[in-house]
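Open the model in your viewer and keep the sequence panel visible. The stops below say what to select and what is found there.

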Amino acid sequence: MQDFRVETFLTVCRTMNYTRAAEELNITQPAVSQHIAHLERAYGTPLFVYRNKKLQLTDAGALLRDALATMAHDEHLLRERVRSAVTGARVELAVGMTLTAGEYLVAPPLADYLRRHPELNATVRSGGTGELLALLDAGKIDCAFVEGFFDKSAYAWDLFRTERLVCVCAADHEFATQPVRVEDLFGERLIMRETGSGTRAVLEHALAAQNLTVDGFAHTSVVESLDVIKIFVEHDLGISFLYEAAVARELAAGTLRAVKLEGPAIEHDIAFIRLKNSIFECDFQALFNELPTG
């Protein structure tokens, strides 16, 4: 069973604030300090330091956080499986998905997988990559499919598929001059996702590789809904860069048109991630291996 001081430590790791950790755990701040001090004595090293008045993990603290987070999550999964074995209840599975990858790439094969495994009761959480990583670290989800950038050394992960980002415009849109390069589009209105979304991050990263930014466009509009972006582009309000799978239906129907540009294609990996060194890694691998990745 997880020691209560471990829960305190992981809460401080997540909040990076003793006061907020105490509030979340409904204990006093001195109690939080005592719990951290106990762990530091037990492991013989400081786990946190203040740098420029900001609380930070030491290298040892980060190592302990990663190990204890996985252990805490494994204990939760173990409890679920014991409960299932005793009562016959379904096994809970919490999956995270970034919005675009989830809706257009992951949901269909995951639905087929869950249909083949009626013993599972799935909960699906959607959000940006950063939000899903926080949920994974906190043990709120078991695994996630993300399209944004993450520290690949911090998680166990597999490549689900590589997807291409394409520029799209309304079917009858007329450019002043036919664009050849990305910068030829700077006179257009760019309709893009919000900061923090994987699609936005991939676009900004690709532009930065060419010493360009979204600020180069004459006008920009931020829209959090992919479906609304597609409607806006179809009505010739502007152009957008979207995953090819997300606009395949509209391209086939002729309501959107792909803009062919010179240079390397903008591609990005969709990754299946989970905490490292879990005793249930075989279960996660079995899930991943049953999902078609092409």
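## Starting point: Val228

Select Val228, which sits in helix H8. The model is a predicted one. Is Val228 buried, partly exposed or exposed? Its relative accessibility is 29%, and because partly exposed covers the range between 20% and 50%, Val228 counts as partly exposed. Now add Val6 to the selection: Val228 and Val6 are separated by 222 residues in sequence, and their C-alpha atoms are 44 Å apart.

## Helix H8 against helix H5

Stay with helix H8, residues 226–234, and show helix H5, residues 99–116, as well. The two helices pack with axes 10 Å apart and an angle of about 85°. H5 and H8 are therefore roughly perpendicular to each other. To see the contact, display the side chains of Thr100, Glu103 and Tyr104 in H5, together with Leu226, Asp227 and Lys230 in H8. By type, the residues of this contact are three charged, two nonpolar and one polar.

## Domains

Next, colour the chain by its domain assignment: domain 1 is 4–64, domain 2 is 69–161 + 269–290, and domain 3 is 162–268. How far apart are the C-alpha centres of domain 1 and domain 2? The distance is 27 Å.

## The largest nonpolar core

Select Phe145, Phe160, Leu190, Ile239 and Phe241, the residues with the most contacts inside the largest nonpolar core, which has 53 residues. Strand S6 (residues 156–170) supplies the largest share of this core, six residues. Domain 2 and domain 3 each contribute at least three residues to this core.

Zoom in on Ile239. Its contacts, leaving aside neighbours within four places in sequence, include Cys167, Val168 and Cys169, and also Phe175, Leu185 and Leu190. Phe217 and Val233 are among its contacts too, as are the charged-group residues Glu188 and Arg189.

A second core, separate from this one, has 19 residues, among them Tyr18, Val32, Ile36 and Leu64.

## Helix H1 against helix H3

For the last stop, select helix H1 (residues 4–15) and helix H3 (residues 29–43), whose axes lie 9 Å apart at an angle of about 105°. H1 and H3 are therefore roughly perpendicular to each other. On the H1 side, show Phe4, Arg5, Thr8, Phe9 and Val12; on the H3 side, show Val32, His35, Ile36, His38 and Leu39. The residues of this contact comprise six nonpolar, three polar and one charged.

Terms used: Residues numbered from 1 in each chain as written. Predicted model: local features only at pLDDT ≥ 70, side-chain atom pairs only at ≥ 80, totals over all residues. Heavy atoms only, no water. Core = buried A, V, L, I, M, F, W, Y, C linked by side-chain atoms within 4.5 Å. Buried < 20%, exposed > 50% of the residue type's maximum accessible area, 1.4 Å probe, protein only. Helix = DSSP H or I, 4+ residues; strand = E, 2+ residues; numbered from the N terminus. Domains from an automatic or database assignment. Contact = heavy atoms within 4.5 Å. Axes fitted to C-alpha atoms, helices over the stretch in contact; angles between N-to-C directions. Parallel < 35°, antiparallel > 145°, perpendicular 65-115°, else oblique.
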